[in-house]
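Student: I've got a structure open and I'd like to talk through a few bits of it. Could you help me read it?

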Amino acid sequence: MRALTAGILGLFCLTILAGCTRSGDRRENEPRLPGDLMIVFGEGGGITGLWQGYSIQPDGAVLRWEGHAAEQDPQRVGTLDDATRAALWAEIQAHGLLEGQAGEQGDLTRFIRLTAEDQTHKVAWVPGRRAGGGRGSWESLYRLLTETATGKSSPHATPGETGD
Amino acid sequence: MRILTSRSWIALLAGSMLLLGMPGEETAASSIRAPYELQPPVTMPAGSVFTGGKPAPVSPPAQGWAAKRPDASFSGGQTGGPPADQLLAGMRGRLQLLQEARRWNVEREAARQWIVTPEAAANLGRLHQANPRSLRLAWHEGRRTPRFIAGTDLRLDRSLYAGSDAQQAKAFLREHRELLRLSDPDTELVRWRVEESREGFRAYRFKQMHQGLPIWAHDVVVRFSPDGRAIGFSGQYRPTPTGLSREPQIPRSAAVEAAITALARRDGVVGEEESNELIYFPHGEKLRLAWRVVVRAGAAYRMEVFVDAASGEFLHAVSLVCDGAATGQGVDLAGGTQALDLWEESGTYLMVNTSKAMFDAGASEMPNNPVGAVWVINANHTQLEEFYHVTSTNPDSWTGNANAVSAAAYASSFYDFIATTFGRSSIDGAGRTIMTVVNMGSNYANAFWNGSVAAFGNGDGASFSDLAGSRDVVCHELGHAVVEFTANLIYEFQPGATNEHFADVFGSLTEWYAEGAGGNWLMGEDVTTPGVSGDCLRNMETPDHPDVYNPPAPHFPTHMDEYFDLTSDQDHGGVHINMTIPSRAFVIVCEAIGRDKTQQIWYRALTQYLNRNSQFIDLRLGAIQAAADLHGAESIEEQTVADAFDTVGIVGEEGTEDPPDLPDNEGSDFLAIWDPDGGHIYRVPPDWGVDADDISQNAMGGGGRPSFSDDGSLVAWVGADDHIYLANSDGSDRVQISVDAEWWSVALSAGGRYLAAKTVYEEGRIYVFDLVEPESGAYYDLVTQNDSGGEGGGNVIFADVMEFAVAGDYLLYDAQNSADFGGGVYEYWDINMLRLSDGACFRVFQSLPQGENIGNPTLAQNQDDLIAFDHMDGNGDVYVRTFNLQTGDQGTVTYNFSVLGRPTFSGDDGQIYYQYPCSGYDEGVWVVSMAPDGLNGAGNDECWGYNCGYPVWFTLGERPTPVWLRSLGARWYGGQVTVEWQVVDAALFVGFLIERGASPDGPFERCTPEMIPADAAVAGSFRFDDPLPPDAANACYRLIGIDRSGRSVSLGITGITPPEPDLMLTQPLLRPNGPNPFSRTTTLRFFLPAGSAGAPTDLSIYDLQGRLRARPLAGAMLDPGEHTLEWEGCDARGVPLDIGAYYLRLQAGERVATRKVTIAR
C-alpha cells in the first residue's frame, strides 16, 4: 500500500468516523468563545447587482457594508458584547455551520462566512431554496444574525427556537 | 386566500410542469432504487464462471443497440408481430415521408415525427417558403401537433380563402389539415366564438369534435390581421382520433346517479341533475367516451361531473360556480390601467392568467395547480416561505395590489414577446407556468430569479421603489429563466456576466416590444431612486453614462480594457458588472441592422451555440455564426456583429477550449466485478487472462460499489455489514475504517487521500473525509438542482453513486429527490456535480420530465467532462447514455430494456462495460465499443461475463504527467521564501495556489490566502512570497494550477534554494501589502538590503497599461532594513485611483522589485 499502513489506518478508525454521522450532535457546545471569531454575512446580486451585509469582528464591532462586491466600504454601526457573541457562537454550532459546506450560486446569493480558531467555513445559498443546516436552515441563522447585528433582537431570546 | 404552506409550495411548482401525471402513483423510480435489492443468487457449479477463457454467450452476438436478446423473455414476452402487409405499408409511408421531408428541408420535423405524411411535409415546406424568416412553430411533443404557428401570411393558396372571415378561418384549417393532422376540419372543428381587438385583429375559436361529440377542453384559435392575412394558429387539440366507440355502455340514468352519488360522497352535498351530454373526455393521452353530467345544489354549488360511459367509473369533477377564466382590469404602480386575465373561483378573482396558448386545462387543477399559466403570487413579506393568491372580489378593482397588477401585465407581455418573436412557449419552451412573486421581504430593495420564481421586493423608498413597477426589471428576471432553460450559463465570471447580459437583453427587448416608441436601453429607470428622475440601474447603450445610479467606481465597463478582474468572492467574479460590455455590443448591432434581426441573432446564439461555461469570446463566435446562419456567410449582418464585438474589445477567433484529455494510464487494466453468489468483489483482467482475485474477502453492501484511486493501487467499498473498507487493490491489507455500521456508499479520490461517503439514512448529505488528516473531514448539504416536472428547491433525500473527478475538485453524484405533490410523494433520481472547494452544486441536466430518472453516473477514464449514466424514461425503458459536460453533446450507448446498466468506461474510453443478464443468469456484464464520436455505442454489444455484476474499471499504474510547467523554484531570502514559477501557457489556467509542506510526500497545507490569477505574471513569471517560512529543513512547496474547468492540477513540488549571498546585500524585497485588495488604506511593506545603503529609493504605482499613476516614495534616502508605508490608493493630488489592479514597483539603486496590488472600493 502506497502511503497508508494498517497501523496508520487503525489510528483513524477511532478518529475519523466516530460520531461524524450526526450533524448538530457531533460537536459539544464550546464553553469558550474563540478569540478570533469573525462572522460575515450578507447577500448580493439580483437586478441591482449590489451586495450588502454585516461583519461582526472579533472585538465585537459590527460593521455594515454595501457595494458592488461583498465587504466593500464597511461602516461601524455598533458593538456586540461577549455574551451576545457567545450566544451567537452557540447558535452557529447548533446549526452545524462549522461542519457543513454549501455553495450555491445564483442570480442572488446569500452567504454566511465564519472564521474561528484559524478555520474558515462558508455556506452560500439562493433564497427560496431549501438550504440545510444542523438545526433548521441557513435562512433561520441568517435571520438571527441580521436581527442581532441590527439590534432588533438578541440570540439570548431565541434559545431552542427551531428553524423552518 | 392563503393557498400554501412552506412545504407545499413545492407541490405548487410541481403541478405547473406536470404532463398529466397522476398524483399518488408509485413511480418507476421508487420501484427500482433506494436501496438496491440484489437479485437472488443463481446456483451453479463453484468456480465455473471464472474457469477457462471468457464465457461464451448463450446465443451468437447480435447487432444494434437493442439486438442483444439471447432469450425472448427479456423482451417482455412479446412474440409475433403486426401482419406483413401492415409492416410493408407502414415502411413505404415512412420512406415516402422522408423523401418528401428531404425535398422540403423539413427533415428535423420528420425525424421528430411532428409530421407523419408526405403531404404534411409539403404543407410545412410551403409555409416556410411563403414565410421566410417569419414563420414560427412550436409543437406539442406528446401529441405531435402544432401548438403554435405564426407568420406573415399563412395562406398558401389565396383562391381558397373567400367569403366571410369565419369562412376564411375554416379555409385555413382545411388548407393545413395535413399539418394539423385533422382528417376533416369542417366537422371536427366547430366555431365557438370570435374575439376582435381594437386594432382589428380577429381570433376565431373552434371547439374540437369527434363523431359529433365534443372533446372536452380541446379548442384551437385561428388569427387574422386587420387586412385579412392569416397570421397565427394555436391550440390544445389532438390529431383525429381513431378507434373510439360512440356507443355508451352505461345508460344516461346510471351515469347521472353515479355522478350525484360521487359528489355526495366527496363533498357531502346531494344535488340534482341539471343537464347531461355524451362527450369524449381526455384521460391522460387517451380519450374516453364519457357522460358529462351537471349537478346543481342551490346557487352556490354547481359541478360538472365526468363518468366513464363504458364502465361507469367516476373520472373527474369541475366546479361551474362562476369558475374559470375571467377578465378584468387594474391600476398598476405607474397609475395606468392594465387589462387583466384572471381566474374566478366561487366569486373570488385570482391573478392566474389562463388565457395563453400554453394553458393545459386538462392537466391543471385550479386554482392551486395551473399548468401553463401566468401567475402572480403574494409572498406577504416573507422570505418566500409563504405564498398567497392575489385576490379581489371585483375583477376591475385591485386596490392595494398595484404591484401585482404591474407584475401580471409585464409577465404576460414577456410571454407574448417570446412566443411571438421566437415561437417559444413560455420560459422553458414547453409551456411552463410563469410565476412572479410580489411583496418579497420587508422594504426589500431587490428582485431576483431563484430557479423557480421571479421575486420582487417593495423597495426601500429611497434607492428603489417597488421593483415590480418596471417592465424591464420583471422581464430581466424572467429572462434569467430562459437562459436557465437554454444555455444555463453558470453564475460566475464571464459565463455569469453573459447570463446577466442576456437577462438585460430580454428585459429591454420586451419593453421595446410592448411599448414601441416608449422603449429604451435603460434598465430599471422606472424604479430607481423614486425621488430622482432621469437615472437608471444600467445603460446598455452607454454603460458609463453619468446618470447610472451607484455604478462601480469609476463606472460600468464599456470595453474589455475596463474589465473588472475580480475574484469569485467579489460578485462571483463581477457578473453584475462586466455584463455591460456585451450589452454595449448588442445595442451597437441593434442600431446598425435593427432590433428585429439582432434579437433573432442573439436568441439563436443563446439557444444553439452557448453552453454553461461559455466565455465572452464564445458569445462573439456564437453570435457571428448565428448571423451567418440567418443572413448568410459574409453578409452585412455577420460583419456588423463582428465589428460590434471588436468595438467592445471582445476579439479572437478561438473559442473556449475543452479541457485537454488526461494522458492514458498505461498500467495493468482490470475490471472489478461483483459475484452474486457470495457477494465478494473480484478483480479480473478484461481479457480474462488470469484467474480472478477476491479483493474484498467479504460481501459487498447494496450500495457498496468499489471505488479505486487513479493509480489503481487502493480500493474502498462498503460491506454488507454497512462498514467501510479500504485495501490494496489486490486485496491485501484490508482494513475496516469505519466505527459505526451506518454506511451505504463511498468514493475514493484520485490521489487516494479523500473518501466521500454516504450513510444509509435518508439525508441529503455527503461526507468527505481526509484519510491523511482526519480532523479535516466535512459534510456537504446537497441542493436539488434539477427540476423534474417542475419541482424546485432542495429536497435531496439520498445520494448514492459518487465519483471524484481526477483533478479532485468535483464530485459527480446521483441523488434521489422527493417532492410533495397533490397529497402524495413524487420521487426521482438526478445527477449533479459538487464542487468541493465551496460546496457549490451544479446540475447536469435541465428539467427532467416527470416519470423519468437518471443515475449511476460514471466519469470517463481520461476526461473529466464526459460521463455515462443510466436513463430510464417514463415507460420504464433504460438506456445507457453519455453526456459531455462542456459541449452538451449526448449519445446513446445501448438500450437496456428495463435493466439498469451501471456503466463503466474502459481505460482508453473506447468501450463501455455495463450490466445486463447474460447466458441465462440474471447478472451479467456486457461490453460495447464506442463509435468514433466517443458518445454513441457502436452496436457491437456482447456478453463479457455472466453471473457477475457492478463492473468497475481500474488501471494499476501511473499516468504520465503532462508538461505544463516550465520552471518552479523557491528561495529563502530576507526572512521569507519567494516561490517563482513559469508555465508553458498561462491561458490554460484561471489561477494558481501554493501549498507548503514539511516534506515532498506531504502533508501540504495551503499558504496562499486566495488564488493567484493567471494574469498576475510579470515578464512571464509568477511569484508568491511566503511570510511564514517553514521550520523543517526539508520544507517544500507544491504548485497547484486551477484550469478553466475549475480542476485543480498539481504542477510540481520544489524544495527551497538558499539565497545567493550577494543578493542578500543588493536585492530589495516587496512584502505582501495588507489588506489586498483594499478599499481605503493599505500598508506597503518592503525590505532594503544592506547593499542599497546610500542609494535613493522609489516606490511607484503603475496601471496595467504601464502608466505611472502614483509615487508614494520618490528618491527617499532610507536605511537598510524593514520599512512600512501607509497608502490610501490616491495619486499625488490626493485623487483616488480607479478600482482595479496596479503594479507596485520598488527601486533601490539599480535593483527593482515588483508586486501587484488591487483597489476594490
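**Strands and helices in chain B**

Tutor: Sure, and keep in mind that this is a predicted model. A starting point: Thr904(B) stands opposite Tyr913(B), which sits in β43(B).

Student: How many bridges join β42(B) to β43(B)?

Tutor: β43 covers residues 911–915 of chain B, and β42(B) runs antiparallel to it. Thr904(B) and Tyr913(B) face each other there. The number of bridges joining these strands is two.

Student: Which strands stand at the edges of the open sheet β42-β43-β44-β45 in chain B?

Tutor: That sheet has four strands with antiparallel pairing. An edge strand here has a single partner, so one of its sides is left without a neighbour in the sheet. That applies to β42 (904–905) and β45 (942–946) of chain B.

Student: In the sheet β38-β39-β40-β41 of chain B, what is the bridge partner of Gly855(B)?

Tutor: This is an open sheet of four strands, paired antiparallel. β38 (853–859) is at one edge and β41 (890–895) at the other, so each has one side without a neighbour in the sheet. Five bridges join β38(B) to β39 (residues 866–872). In β39(B), the partner of Gly855(B) is Asp870(B).

Student: And the helices: is α13(B) oblique or roughly parallel to α14(B)?

Tutor: The axes of α13 (residues 580–593) and α14 (residues 595–609) of chain B come within 7 Å and cross at roughly 140 degrees. Roughly antiparallel would need an angle over 145. That makes α13(B), relative to α14(B), oblique.

How values were computed:
Residues are numbered from 1 along each chain as its sequence is written. Chains are lettered from A and ligands numbered from 1 in the order in which they are written. This is a predicted model: local features need pLDDT of at least 70, side-chain atom pairs count only at pLDDT 80 or more; totals for chains, interfaces and linings use all residues. Axes are lines fitted to C-alpha atoms, for helices over the stretch in contact, and angles run from 0 to 180 degrees between N-to-C directions. Angles under 35 degrees count as roughly parallel, over 145 as roughly antiparallel, 65 to 115 as roughly perpendicular and the rest as oblique. Two strands pair if DSSP finds at least two bridges between them.
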